[in-house]
Amino acid sequence: MTEQDFILNTYNNNIEKGSVKWSSPSNIALVKYWGKKEHQIPENPSISFTLSDCKTITEVIYTKKESKDFSFDVYFEGEKNEAFKPKIQTFFERIEMYMPFLRNYHFRIETSNTFPHSSGIASSASGMSALALCLMSVEEDLGVDYADDYFNQKASFLARLGSGSACRSVEGELVVWGKNESTESSDLYGVKFEGEVHKNFKNYQDTILLVDKGEKQVSSTVGHKLMFGHPFAKERFAQAHENLAKLKTILASGDLNEFVKVVESEALTLHAMMMTSMPYFILMKPNTLEIINKIWKFREQNNSNVCFTLDAGANVHVLYPENEKETVLNFIKKELTQYCQNGHYICDEIGLGANRI
Ligand code: PMV
């Protein structure tokens, strides 16, 4: 598939109005995407677990209008929201050539998250994928007959243009994005990981510890740009390819020991890149480090396979197999919630992807 394959020119139906609704999950990268080229093309491949409960639910109500400027209103959790508009405006501009109906309708976009608003959890992956999926369903209403595979590909392709990592949220349970030698892949959209997955990874758990619920200190747009001319960029991008290859083998063998090593090393490398860029920054907080040290101690003392990963922020994703659910949750409640803002954390697990509602 190339970018040209996603271009559409005409629609069969001339519909006055309608509405579509999707729920789409967040995802957590195991091999991290950090650094991009023009047009949201990643510098390196990434792979993520799709989550199950951390979702955005978006309804798009569309009404025919004269074809002029883009016209839309955004309602977040029932209230009109101006703050999201610029990002959606940019998104519409980027995808217009692939969705030529956009100027012909006014859109009322009603969106809400299943996770608390100010949790510091990136909602761009779930939010942008939910919106992309809604727009795909509008195209279907307009008479475009999409086969399932192509529908998901184009939805992911569009979501990528909203927020890179959003392209990994359309499907589950594991999604790869970015050309690489080890798996079926594309730079343009996420591809469901079709390799063998050992039963150890079934219903894998992710408990998100909310260490810092504040606004992001550094936007990911700025963050990705800092990989331009970064002294370790070349090595980092090569390492992501190696780690993806390793992870493919690990996913098949079920070797949790090796899984922990790759996942934690990826998280720390992401933050190492931030600490060694110019300007440099530290997104971990003292409590992030307290949690990491406690996880390491618990793992050693209990012969556990619990591990952590991080996004571009201070919150910690605690990953563990389903058969350790009880013991790890007890440990989290007893020893880790003290480091969370207001004791808050969210329990989630690996999920199957977006759903039309
Ligand atoms: O999708 P963006 O541009 O917000 O980038 C997200 C990057 C990380 O979350 C730090 C890593 C990843 O692969 O999800």
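# A tour of the helix packing, the ligand site and three backbone details

The crossing of H1 and H2 is right-handed. This is a predicted model, and the tour starts at that crossing.

**Stop 1: H1 and H2.** Select residues 85-95 for helix H1 and residues 124-141 for helix H2. Their axes are 12 Å apart, and the helices pack at an angle of about 50 degrees. H1 and H2 are therefore oblique to each other. Now show side chains. On the H1 side, the contact is made by Lys87, Ile88, Phe91, Phe92 and Ile95. On the H2 side, Ser124, Met128, Leu131, Ala132 and Leu135 take part. Sorted by class, the contact of H1 with H2 has eight nonpolar residues, one polar and one charged.

**Stop 2: H2 and H3.** Keep H2 on screen and add helix H3, residues 148-162. The axes of H2 and H3 are 8 Å apart, and the packing angle is about 135 degrees. That angle makes H2 oblique to H3. H2 passes H3 in a right-handed crossing. Which residues of H2 meet H3? They are Met128, Ser129, Ala132, Leu133, Met136, Ser137, Glu139 and Glu140. Their partners in H3 are Phe151, Lys154, Ala155, Leu158, Ala159 and Gly162. By class, this contact of H2 with H3 has eight nonpolar, three polar and three charged residues. Met128 and Ala132 of H2 belong to the contact with H1, and Met128 and Ala132 are also among the H2 residues that meet H3.

**Stop 3: the loop after H3.** Follow the chain from H3 into the loop that leads to strand S8 (174-177). Glutamate 173 lies in this loop. A cis peptide bond joins glycine 172 to glutamate 173, with omega at about -15 degrees. Most peptide bonds are trans.

**Stop 4: the ligand.** Select the ligand and the 13 residues around it. Which of them come nearest? Tyr33, Ser165, Arg168, Ser220 and His224 do. Three side chains can then be picked one by one:

- Serine 220: an N or O atom of its side chain is 2.7 Å from an oxygen atom of the ligand.
- Histidine 224: a polar side-chain atom lies 3.0 Å from an oxygen atom of the ligand.
- Aspartate 311: a polar side-chain atom lies 3.3 Å from an oxygen atom of the ligand.

**Stop 5: the loop before H7.** Go to the loop between helix H6 (256-275) and H7, where proline 279 is placed. A cis peptide bond joins methionine 278 and proline 279, and omega is about 0 degrees.

**Stop 6: H7 and H8.** Continue to helix H7, residues 286-302, and add helix H8, residues 325-336. The two pack at an angle of about 140 degrees, with their axes 11 Å apart. That makes H7 oblique to H8. The crossing in which H7 passes H8 is right-handed. In H7, select Ile291, Lys294, Ile295 and Phe298. In H8, the residues they meet are Thr327, Val328, Phe331, Glu335 and Leu336. By class, the contact of H7 with H8 has six nonpolar residues, one polar and two charged.

**Stop 7: histidine 39.** Last, go to the loop between strand S2 (36-37) and strand S3 (41-42) and select histidine 39. What is phi of histidine 39 near? Phi is near 60 degrees, a positive value in a residue other than glycine. Most residues other than glycine have a negative phi.

Terms used:
Residues numbered from 1 in each chain as written. Predicted model: local features only at pLDDT ≥ 70, side-chain atom pairs only at ≥ 80, totals over all residues. Heavy atoms only, no water. Axes fitted to C-alpha atoms, helices over the stretch in contact; angles between N-to-C directions. Helix = DSSP H or I, 4+ residues; strand = E, 2+ residues; numbered from the N terminus. Parallel < 35°, antiparallel > 145°, perpendicular 65-115°, else oblique. Left-handed = near helix turned anticlockwise from the far one by under 90°. Contact = heavy atoms within 4.5 Å. Nonpolar A, V, L, I, M, F, W, Y, C, P; charged D, E, K, R; others polar. Near = heavy atom within 4 Å. Polar contact = N/O pair within 3.5 Å; in protein donor to acceptor, adjacent residues only side chain to side chain.
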